[in-house]
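Visitor: I'd like a close look at a single part of this one, if you have a minute. Could you put it up on the screen?

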Amino acid sequence: RAVLHVVDTGIEIPMDDIKDRWGDIDNTTLMTLLAENEERTGRIARHIAKLRKEGRVVIAFSQRLAQLDLFIQAMRDLGFDPGRIDGRVPPKERNRILETHGLTVAITRTAKLGLDRRDKALNTAVFLLPERTELTILQAIGRAQRADKPAHLYAYRDKNPVCRRKIQAVIDLCRHEGWVLVKEKLKEAQ
């Protein structure tokens, strides 16, 4: 069985910061603010470093190239050298990168492209930004379910009603699929 970990980051993006001039929620602005938030990225990077030290083989997905860059730098600052998969990486190279790194960061749409490790060691998928597209969630966790151990999916939840709704959609999907739900808080969020 798969395990969904909902991890509270403690990061708050005020609603007024994500409204357009008509007062409507601008999802693009929200994702940009989350992706570019260095404190949030640092907290998540420290959490993923802990997962790596526990022996997990991790693929971390983001919808934003800028966030991949920021996250890779945060992981390097912690002594890790993650692989990177985005649209510029030829398809034949993607699995090689995945197989030679214990931590790989990838643009979210690559979850749909058949990323696999022959050794079946990949056991953890992470969404660096809230994701609620059912197909993307299932394909991402499918990458980790090929392992001999239970697959783990980490979704980071921020203090914002829009983020909470997106993560609730993930929780609902995972409950429907029969996954185990674990709620956590990052140390800095307590």
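Visitor: Let's zoom in on one strand pairing: which residue in β6 is the bridge partner of V7?

Guide: That's Y156. Keep in mind that this is a predicted model. The contact belongs to a longer pairing: β1 (residues 3-12) and β6 (residues 152-159) run parallel and are joined by seven bridges. β1 has another partner too, since six bridges join it to β7 (residues 180-185), again in parallel. There, D8 of the chain stands opposite K185. As for how covered β1 is, eight of its 10 residues are buried.

Now step back to the whole sheet. It's an open one of seven strands, ordered β3-β4-β2-β5-β6-β1-β7, with parallel pairing. β3 and β7 are the edge strands, each pairing on one side only. From one strand to the next, the twist averages 20 degrees. Elsewhere in that order, β2 and β5 (residues 124-127) run parallel with four bridges between them, and V58 stands opposite T124.

One helix ties in with this sheet: α4, residues 91-100, where R94, I97 and L98 are buried. Looking down the axis of α4, the buried residues fall within an arc of 95 degrees, so they line one face of the helix. The general rule behind that sort of pattern is that an α-helix has 3.6 residues a turn, so residues three or four places apart point the same way. And what covers the buried residues of α4? The cover includes β2 (58-62), β3 (83-85) and β4 (103-107).

Key:
Residues numbered from 1 in each chain as written. Predicted model: local features only at pLDDT ≥ 70, side-chain atom pairs only at ≥ 80, totals over all residues. Heavy atoms only, no water. Buried < 20%, exposed > 50% of the residue type's maximum accessible area, 1.4 Å probe, protein only. Helix = DSSP H or I, 4+ residues; strand = E, 2+ residues; numbered from the N terminus. Arc of directions from axis to C-beta. Contact = heavy atoms within 4.5 Å. Pairing = 2+ DSSP bridges. Axes fitted to C-alpha atoms, helices over the stretch in contact; angles between N-to-C directions.
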